[in-house]
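Thanks, everyone, for making the time. I would like to walk you through one model this morning, going from its overall form down to a few side chains.

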Amino acid sequence: MTTENIDDAIEQYVIERKKSERKVAESRFLRYAYLACGERDSTAFMRRCRSLIRYYIDFLTVLENPMRGPQAAWLFLMVLVFAFGIYMLTNDDLRVAGIFITSGTLVNGISLGRSVINKWIEIAVRIAFYREIIELIDSTLPAEC
């Protein structure tokens, strides 16, 4: 039982859960756990899997937050450049440059905002799937975990 086996089991659950319902993904996860480690090592596999998933949830919650990374800095920069473009629109000599800067910043800001929202949704869905695995492990091994 290695970390790669546990990661494969978790990733297979997430992939299967995106395709089908929860019961199918749970049965395949349990099947993979029993096939990967055998009957007697399944409790150790489940415990290690639970602790690794807890680590992944903490990691995704804290470090992969899109509003704490470089995307947030880019969004803040987009707001500053957009404000400068609006200022340029008020000046007659800089109006044409202001139009280009404001429109380009608006388009790029919307694109960046969409990517931040997509990343946020993907992380939230992955965390929800990880919590489903923890619930499955808790229901399978209620005394050990």
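I will begin with the chain as a whole, then turn to the aromatic rings, and end with a patch on the surface.

Please keep in mind throughout that what you see is a predicted model. The chain contains five helices and zero strands, so that, by the run-based assignment used here, the order along the sequence reads α-α-α-α-α. As for overall dimensions, the C-alpha atoms fill a box of roughly 80 × 25 × 20 Å along the principal axes, and the radius of gyration is 23 Å, whereas a compact globule of 145 residues would have one near 15 Å. Of the 145 residues, 29% are buried, and the chain exposes about 9200 Å², with carbon and sulfur atoms supplying 60% of that area. If we take the contacts with a separation of 6 or more, 70% of them are accounted for by residues 24 or more positions apart.

Now to the rings. How many aromatic pairs does the chain have? The count comes to five, and one of them joins Tyr 55 and Tyr 56, whose centres are 6.0 Å apart with 50° between the planes, a tilted arrangement. Tyr 55 has a relative accessibility of 49%, and because the exposed class begins over 50%, Tyr 55 counts as partly exposed. Ring pairs also tie Tyr 55 and Tyr 56 to Phe 59 and Tyr 130, and these four residues make up a cluster.

Another of the ring pairs is formed by Phe 84 and Tyr 87, with centres 6.2 Å apart and planes at 35°; that angle falls between the limits of 30 and 60 degrees, and the pair is therefore tilted. Why are these two residues separated by about one helical turn? Both belong to helix α4, which covers residues 70–90, and they are separated by about one turn because they stand three residues apart in that helix. Phe 84, at 45% relative accessibility, counts as partly exposed.

Finally, the surface. Trp 74, Phe 76, Leu 77, Leu 80 and Val 81 form a nonpolar patch there, and together they have about 500 Å² of accessible area. Leu 80, one of the patch residues, lies in helix α4, and at 46% relative accessibility Leu 80 counts as partly exposed.

That is where I will stop, and I am happy to go back to any of these regions in the discussion.

How values were computed:
Residues are numbered from 1 along each chain as its sequence is written. Side-chain values use heavy atoms; hydrogens and water are left out. Rings of Phe, Tyr and Trp (its six-membered ring) pair if their centres lie within 6.5 Å; planes under 30 degrees apart count as stacked, over 60 as edge-to-face and the rest as tilted. Buried means under 20% relative accessible area, exposed over 50%, partly exposed in between (1.4 Å probe, protein chains only). Helices (H or I, at least four residues) and strands (E, at least two) are DSSP runs, numbered from the N terminus. Patches are made of residues with over 30% relative accessible area and no salt bridge: like charges are joined within 9 Å, nonpolar side chains (Val, Leu, Ile, Met, Phe, Trp, Tyr) within 5 Å. Accessible areas come from the Shrake-Rupley method with a 1.4 Å probe; for residues, only the protein chains shown count as cover. A salt bridge is a side-chain nitrogen of Lys or Arg within 4 Å of a carboxyl oxygen of Asp or Glu. The radius of gyration is taken over C-alpha atoms; the globule rule is 2.2 Å times the number of residues to the power 0.38. Contact means heavy atoms within 4.5 Å.
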